[in-house]
Amino acid sequence: MNNKFKRLLFSLHSWFGLVTGVFLLLLGLSGSVLVFQKELDELIYHKTLTVKPEAKVLPIDSLYKIITNKYPNLDGIAWLNPMAEKDQSYHFRLYLNDARLESYDLGAININQYTGEILRSGRSDDLEVGWIEWIFQFHFSFHLGMPGAALTAIFGLTMLISIITGIIVYRKYIWKVLTFKVKIKTKNWRTLSSDLHRVVGVWSLLLNAIVFFTGFWMNLFAFESETWKKETIPTPNNTLVKVSLDKMYAESIQKMPDLVPNYVYLPTQPDKKFSVRGNLKDQNPMFAGGNIVRFDANTGEFLSTGRFDDLAFWDKVEALFFPLHVGNYGEIPVKILYVILGLTPGLLAITGFLLWWRRKYIRHNLNK
């Protein structure tokens with residue numbers, strides 16, 4: 001590799017890191033929090049979300065009416081904890097649309113499934129339903145709506161470019177780091193930042209590449225003109241389902257008895273379908289994408305079932321992107337690894353800035 005090309009790659013690596021460093025720090029920190037999203041939400045808002053178990057749970061149809069009465073213009077509703085413990089309130093995600101591009105329209109509502117009492121509800125971008133929901137939406141849109149979703153995808157791509165150029169620039173150090181031949185020296189801030197940048201960059205290389213690529217891929221919808229157009233069109237009044245949701249849910253379990261539901265879509269617009277998604281019994285969550293049962297919510301007609309094993313090759317690959325991005329496919333050690341991983345983009349940005357500053361300082365002194 002000639003020196004001119006090497007300098008070009010190093011410049012690309014440096015400038016991509018410098019320009020996007022703050023945003024990558026924010027994405028990494030918020031991603032680390034979201035690894036334990038469910039656990040943190042239940043812990044922090046335990047008093048608000050806990051209910052007293054009673055003999056009878058209200059039908060899904062009744063809870064659906066409570067939600068649609070409160071929110072008459074919804075794109076849809078998702079029941080996020082159909083396997084909730086008896087003392088856990090039911091948690092629903094709201095798909096809203098205020099016809100503004102600059103806001104990403106998600107909300108949440110928790111309902112006491114025994115009494116129908118609304119425990120909390122509101123939009124995710126204004127802290128009405130807590131800061132965990134706020135962070136969830138911030139992570140993929142910076143609370144800037146569709147432009148923000150596109151921006152996070154771009155930053156995912158710039159991180160990938162930074163990783164690729166870093167591999168080439170620091171290729172001689174990769175094997176040395178992996179074989180523990182590079183020690184982190186603490187003689188001064190210059191050597192510390194340099195060694196940290198190399199060591200952390202190498203050890204986080206693979207997972208960071210996976211996480212940022214999957215994040216980029218999942219936000220590709222933000223580059224579709226049709227998606228932007230839909231965001232500017234106000235959602236019509238709810239069109240309520242004409243068939244019992246409880247009946248379709250029960251039939252879904254009958255159609256796929258080994259399904260453990262974790263997402264139930266309740267349509268509020270005429271073109272949407274009722275669906276139940278989840279893991280299969282004893283199935284690793286990494287392979288849960290594609291497990292689905294669908295019904296026509298207007299007629300109650302069974303439409304289809306799907307399983308991960310039956311997907312085409314590329315569909316299987318895409319189904320792996322979400323679990324690989326969020327780290328929900330393993331136990332606590334895997335989640336802790338993802339938490340630590342989420343801190344590395346920020347550390348790399350800080351050490352990279354210090355390295356850039358050192359070189360700028362040296363050049364400045366040489367030119368005096």
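Where is Leu-127 found? Leu-127 sits in the loop between S4 and H5, and we'll come back to that loop after a look at the whole chain. What you have here is a predicted model, so local features need pLDDT of at least 70 and side-chain atom pairs count only at pLDDT 80 or more, while totals for chains, interfaces and linings use all residues. Residues are numbered from 1 along each chain as its sequence is written, and side-chain values use heavy atoms, with hydrogens and water left out.

Let's start with the overall picture. The protein chain has 13 helices and 8 strands; these are DSSP runs numbered from the N terminus, with helices being H or I of at least four residues and strands E of at least two. Taken along the principal axes, the C-alpha atoms fill a box of roughly 75 × 40 × 40 Å. Of the 368 residues, 46% count as buried (buried is under 20% relative accessible area, exposed is over 50%, and partly exposed is in between, using a 1.4 Å probe and protein chains only). Take the contacts (heavy atoms within 4.5 Å) between residues at least 6 apart in sequence: 62% of them join residues at least 24 apart.

Now back to the loop between S4 and H5. Phi of Leu-127 is near 65 degrees, a positive value in a residue other than glycine. For background, most residues other than glycine have a negative phi, and most peptide bonds are trans. Leu-127 counts as partly exposed because its relative accessible area is 49%. Glu-128 belongs to the loop between S4 and H5 as well, and it is partly exposed at 45%. Leaving out residues up to four places away in sequence, Glu-128 touches Ser-121, Gly-122 and Arg-123. Along the chain Glu-128 is 182 residues from Asp-310, and their C-alpha atoms are separated by 41 Å.

Ser-121 itself is part of strand S4 (residues 118-123). With a relative accessible area of 18%, Ser-121 is buried. Beyond its neighbours within four places in sequence, Ser-121 is in contact with Lys-70, Tyr-71, Ala-108, Ile-109, Glu-128 and Val-129.

Follow the chain onward and you reach a pair of helices. Two packed helices are described by the angle between their axes and the distance between the axes. For helix H5 (residues 131-141) and helix H6 (residues 145-169), the axes come within 6 Å and cross at roughly 65 degrees. That crossing makes H5 roughly perpendicular to H6. Axes here are lines fitted to C-alpha atoms, for helices over the stretch in contact, with angles running from 0 to 180 degrees between N-to-C directions; under 35 degrees counts as roughly parallel, over 145 as roughly antiparallel, 65 to 115 as roughly perpendicular, and the rest as oblique. On the H5 side, His-139, Phe-140 and Ser-141 meet Gly-145, Gly-148, Ala-149 and Thr-152 of H6. This contact has 2 nonpolar, 5 polar and no charged residues (Ala, Val, Leu, Ile, Met, Phe, Trp, Tyr, Cys and Pro count as nonpolar, Asp, Glu, Lys and Arg as charged, and the others, Gly among them, as polar).

H6 turns up again in the second largest pocket, where H6, helix H1 (3-34), helix H8 (189-203), helix H9 (205-218) and helix H13 (332-366) each supply at least two lining residues. The largest share, 9 residues, comes from H13. A pocket is an open set of points on a 1 Å grid over the protein atoms alone, with protein on both sides within 12 Å along at least five of seven lines; a cavity is a set where a 1.4 Å probe fits but cannot get out; and lining residues have an atom within 4 Å of a point. The pocket's volume is about 560 Å³, where volume means the space filled by probe spheres set on the points, which are joined across faces, edges and corners. Of its 31 lining residues, His-13, Ser-14, Ser-162, Tyr-170 and His-197 lie nearest the centre. By class, the lining has 17 nonpolar, 11 polar and 3 charged residues.

As for enclosed space, the structure holds 1 cavity of 30 Å³ or more. The largest cavity contains about 40 Å³ and is lined by Thr-239, Val-241, Pro-267, Gln-269, Pro-270, Lys-272, Ala-297 and Asn-298. That lining divides into 4 nonpolar, 3 polar and 1 charged.

One more loop is worth a visit, between strand S6 (274-280) and strand S7 (292-295), where you'll find Asp-282. Phi of Asp-282 is near 65 degrees, again positive in a residue other than glycine. Asp-282 counts as exposed, at 86% relative accessibility.
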